[in-house]
Amino acid sequence: MENGFFLITGTSRGIGEALAQQLLEKGNTVLGVARGRSDTLKSKKYHHLAFDLADTARISRIMAKVDEVVANQRYDFICLVNNASAVEPLGSIERCPPSEIESHIKIGLIAPMILTSLFIRKFSGDNIRKKVAFISSGSAYSALPHESIYCGTKAGINMFAQCVGLEQKDKEYGFEVIRIRPGTVDTSMQQVARSKNRDEYMWVDVAKQMYEKGELEDPAKVAERICSILDNQYHQGQEVNAWEV
Ligand SMILES: NC(=O)c1ccc[n+]([C@@H]2O[C@H](COP(=O)([O-])OP(=O)(O)OC[C@H]3O[C@@H](n4cnc5c(N)ncnc54)[C@H](OP(=O)(O)O)[C@@H]3O)[C@@H](O)[C@H]2O)c1
């Protein structure tokens with residue numbers, strides 16, 4: 001994986017930033033999308049689009065930037081990594097503000113669905129290795145009180161990924177589709193969870209304990225494993241646990 005093009009959402013920090021960094025170090029081109037921008041992604045092969053994924057009516061702006069970056073370039077591998085996610089709203093559903101519920105679902109479900117559709121459409125005729133990856137979570141399977149919006153969104157995108165994987169399976173020049181569970185990682189998502197009180201978020205003590213016991217994974221190590229997973233081949237729609245690689 002040296003001459004790949006990677007479109008990654010959520011590269012301003014956390015897992016997305018660490019993944020972009022490692023892919024760039026291997027010589028790949030990365031287009032990152034997030035509202036903010038990382039200070040560490042300085043490579044000439046890094047392109048950034050400041051964009052709010054909750055603005056789902058304008059997702060085509062991302063593809064316009066893809067056109068700009070890939071114009072007149074030849075890549076051996078192209079890949080979309082749907083990584084960005086919101087963490088809020090946490091807490092009992094009657095306390096979740098409607099605007100936060102809507103924006104969470106747009107970022108975690110609608111934006112990756114539209115982006116996946118546009119990305120596959122754009123490159124469908126290209127006879128090179130192609131992949132769409134979704135950063136998944138155990139929350140897609142575990143019904144956790146106080147995480148209903150996060151769990152619901154992850155469960156939805158999880159099923160979407162499997163459906164698209166089956167669609168692509170027998171296509172000429174089809175895309176590989178995989179889901180990747182990163183493990184519990186030391187990012188701002190965990191920081192937000194730790195910052196709540198018990199009334200706001202019932203898992204706050206678990207989040208604090210994991211942090212204090214040093215049980216959170218280093219984003220750079222997780223990104224290294226995600227790189228290997230992106231390079232390997234799996235069954236269509238398969239979910240791969242990064243900690244087992
Ligand atoms: N950390 C964990 O323990 C853990 C566990 C399981 C799964 N995951 C999954 O791993 C993925 C990455 O999580 P992380 O821990 O790295 O989270 P993070 O540190 O909070 O980073 C989230 C990224 O998503 C971007 N993002 C959020 N809202 C956005 C918006 N409206 N528009 C554009 N970009 C937006 C953020 O950029 P801006 O704020 O700059 O826009 C940021 O770059 C997520 O899918 C998460 O569900 C994480």
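Helix axes are lines fitted to C-alpha atoms over the stretch in contact, and the angle between two of them runs from 0 to 180 degrees between N-to-C directions. The views below are taken from a predicted model.

**View 1. Helices α2 and α3 cross with their axes within 10 Å of each other.** Two packed helices are described by the angle between their axes and the distance between the axes. Here, α2 covers residues 60–70 and α3 covers residues 98–123, and their axes cross at roughly 35°. The crossing of α2 past α3 is right-handed. On the α2 side, the contact is formed by Ser60, Ile62, Met63 and Val66, which meet Leu115, Leu118 and Lys122 of α3. By type, the residues of this contact comprise five nonpolar, one polar and one charged.

**View 2. The largest nonpolar core contains 46 residues.** In soluble globular proteins, nonpolar side chains tend to be buried together. Within this core, the residues with the most contacts are Phe6, Leu19, Val81, Ala133, Ile180 and Ile226. Ile180 may serve as an example: apart from neighbours within four places in sequence, Ile180 is in contact with Ala133, Ile135, Ser136, Ile226, Ile229, Val240 and Ala242.

**View 3. The ligand is surrounded by 28 residues.** The closest of these are Gly10, Gly14, Arg35, Gly36 and Thr187. Two helices, α1 (14–25) and α5 (188–194), each contribute at least two residues to the shell around the ligand. The shell is made up of 11 nonpolar, 14 polar and three charged residues.

**View 4. Thr29 lies in strand β2, which spans residues 29–34.** Thr29 counts as buried because 21 C-beta neighbours lie inside 10 Å, and a residue needs 20 or more to be placed in that class. When neighbours within four places in sequence are set aside, Thr29 is in contact with Phe5, Lys45 and Val69. The C-alpha atoms of Thr29 and Gln73 are 10 Å apart in space, although 44 residues separate the two in sequence.

**View 5. Tyr150 belongs to helix α4, residues 148–169.** Tyr150 has 22 C-beta neighbours inside 10 Å and therefore counts as buried. Beyond residues up to four places away in sequence, Tyr150 touches Val87 and Ser139. Tyr150 and Ala242 are 92 residues apart along the chain, and their C-alpha atoms are separated by 20 Å.

**View 6. A cis peptide bond joins Glu88 to Pro89.** Most residues other than glycine have a negative phi, and most peptide bonds are trans. The bond from Glu88 to Pro89 has an omega near 5°. Pro89 is located in the loop between β4 (77–82) and α3.

**View 7. His146 and Tyr173 are residues other than glycine, with positive phi values near 75° for His146 and near 60° for Tyr173.** His146 is found in the loop between β5 (129–135) and α4. The loop that holds Tyr173 runs between α4 and β6 (176–181). Are these two residues buried, or partly exposed? His146 counts as buried because 23 C-beta neighbours lie inside 10 Å. Tyr173, with 13 other C-beta atoms within 10 Å, is partly exposed.

Key: Residues numbered from 1 in each chain as written. Predicted model: local features only at pLDDT ≥ 70, side-chain atom pairs only at ≥ 80, totals over all residues. Core = buried A, V, L, I, M, F, W, Y, C linked by C-beta atoms within 7 Å. Buried ≥ 20, exposed ≤ 12 C-beta atoms within 10 Å, placed from the backbone. Contact = placed C-beta atoms within 7 Å. Near = placed C-beta within 6 Å. Helix = DSSP H or I, 4+ residues; strand = E, 2+ residues; numbered from the N terminus. Nonpolar A, V, L, I, M, F, W, Y, C, P; charged D, E, K, R; others polar. Left-handed = near helix turned anticlockwise from the far one by under 90°.
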